[in-house]
Amino acid sequence: MSQTKTLKVRVTLFFILVGGVLAMVAVVTDHWALLSPHLEHHNETCEAAHFGLWRICTTRVAVRDKEDKNCERITLSGEKNCSYFRHFNPGESSEIFEFTTQKEYSISAAAIAIFSLGFIIVGSICAFLSFGNKRDYLLRPASMFYAFAGLCLIVSVEVMRQSVKRMIDSEDTVWIEYYYSWSFACACAAFTLLFLGGLFLLLFSLPRMPQNPWESCMDAEPEH
């Protein structure tokens with residue numbers, strides 16, 4: 001592989017590494033979506049919540065500001081009560097989540113995200129082994145694993161988005177307003193870096209095309 005191609009591969013792998021870190025952060029954190037009720041009176045108690053793939057955290061704070069009609073500004077304040085979803089930890093209680101949204105959504109989003117991390121690990125192993133002598137061909141399966149990881153991650157994002165929509169539309173919760181938080185943004189950024197990085201890595205790892213019309217890929221001089 002030429003020095004120019006090697007530099008391109010290393011730069012691409014750096015961006016893929018950043019995408020992998022963002023994917024890990026998104027999977028292990030619980031700030032995918034923030035939920036809040038609409039307040040009619042300024043002295044009401046606001047029960048806001050934020051959740052991720054594994055658990056949900058609720059916060060209760062008395063709102064005294066007359067101008068605040070939602071809980072967006074106080075979501076991160078107050079005493080938090082966090083619990084893992086019941087289908088992941090039977091000892092914990094999260095009845096609101098279990099009742100108001102199908103647990104299949106949560107299980108599917110988490111499982112697909114785990115598959116994404118698995119693809120990242122396998123792709124990283126292939127990329128690491130490709131630095132050995134005459135093992136450039138391992139970059140091609142590595143690129144495919146990274147692209148698959150990005151696709152799994154964006155599917156997990158969409159499943160989570162549908163889960164939030166069902167929760168908001170449910171009549172059994174007080175939450176009628178929501179917005180996506182930084183964990184959700186990390187997942188979207190990770191998808192972009194992993195998917196595009198995988199495609200570029202595949203492009204850079206392909207053998208050199210023939211330079212003359214009478215050459216074939218086998219006849220072309222190998223790269224050093």
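Let's start at I168, which sits in helix α4; helices here are DSSP runs of H or I with at least four residues, strands are E runs of at least two, and both are numbered from the N terminus. I168 has a relative accessibility of 13%, so it counts as buried (buried is under 20% relative accessible area, exposed is over 50%, and partly exposed is in between, with a 1.4 Å probe and protein chains only). Its C-alpha atom is 9.6 Å from that of S36, although the two residues are 132 apart along the chain.

Before going further, a word on what you're looking at. This is a predicted model, where local features need pLDDT of at least 70 and side-chain atom pairs count only at pLDDT 80 or more, while totals for chains, interfaces and linings use all residues. Residues are numbered from 1 along each chain as its sequence is written, and side-chain values use heavy atoms, with hydrogens and water left out.

Now the overall layout. The protein chain holds five helices and five strands, and following the sequence you meet them in the order α-β-β-β-β-α-α-α-β-α. Of its 224 residues, 40% are buried. Take the contacts (heavy atoms within 4.5 Å) with a separation of 6 or more: 66% of them join residues 24 or more positions apart.

S36, the residue we reached from I168, belongs to β1, and this strand is covered on both faces. A33 and L35 are buried on one side, L34 and S36 on the other. β1 also has a partner in β5, residues 177-180, and the two run antiparallel over four bridges (strands pair if DSSP finds at least two bridges between them). If you want one bridge to look up, L35 is matched with Y178 in β5.

Next, the inside. What does the largest nonpolar core look like? It has 39 residues, and W32, F51, L53 and Y146 are the ones with the most contacts inside it. By nonpolar core we mean a set of buried Ala, Val, Leu, Ile, Met, Phe, Trp, Tyr and Cys residues joined through side-chain atoms within 4.5 Å. At least two core residues come from each of α1 (3-28), β1 (33-36), β2 (45-51), α3 (103-129), α4 (139-169) and α5 (182-205). The top contributor is α4, with eleven residues.

Y146 is a good place to stop and look around. This tyrosine is in α4 and is buried, at 4% relative accessibility. Leaving out residues up to four places away in sequence, Y146 touches L13, I16, I120, G123, S124, A127, L194, F195, G198 and L201. Its C-alpha atom is also 8.9 Å from that of G20, with their positions 126 residues apart along the chain.

On to how the helices pack. Two packed helices are described by the angle between their axes and the distance between the axes. Here, axes are lines fitted to C-alpha atoms, for helices over the stretch in contact, and angles run from 0 to 180 degrees between N-to-C directions. For α4 and α5, the axes come within 8 Å and cross at roughly 155 degrees. These two helices are therefore roughly antiparallel (angles over 145 degrees get that label, under 35 is roughly parallel, 65 to 115 roughly perpendicular, and the rest oblique). The crossing of α4 and α5 is left-handed, where the near helix is turned anticlockwise from the far one by less than a right angle; clockwise would be right-handed.

L151 lets you see this pair up close: it is in α4 and, at 36% relative accessibility, partly exposed. Beyond its neighbours within four places in sequence, L151 is in contact with F191 and F195. The C-alpha atoms of L151 and F195 are 6.8 Å apart, with the residues 44 apart along the chain.

α5 packs against α1 as well, at an angle of about 155 degrees and with the axes 7 Å apart. α1 and α5 are therefore roughly antiparallel too, and their crossing is left-handed. On the α1 side, look at T12, which is buried, with a relative accessible area of 8%. T12 touches G197, F200, L201 and F204, again not counting residues up to four places away in sequence.

Finally, P207 lies in the segment after α5. P207 is partly exposed, with a relative accessible area of 47%. Outside its neighbours within four places in sequence, P207 is in contact with K5 and R140.
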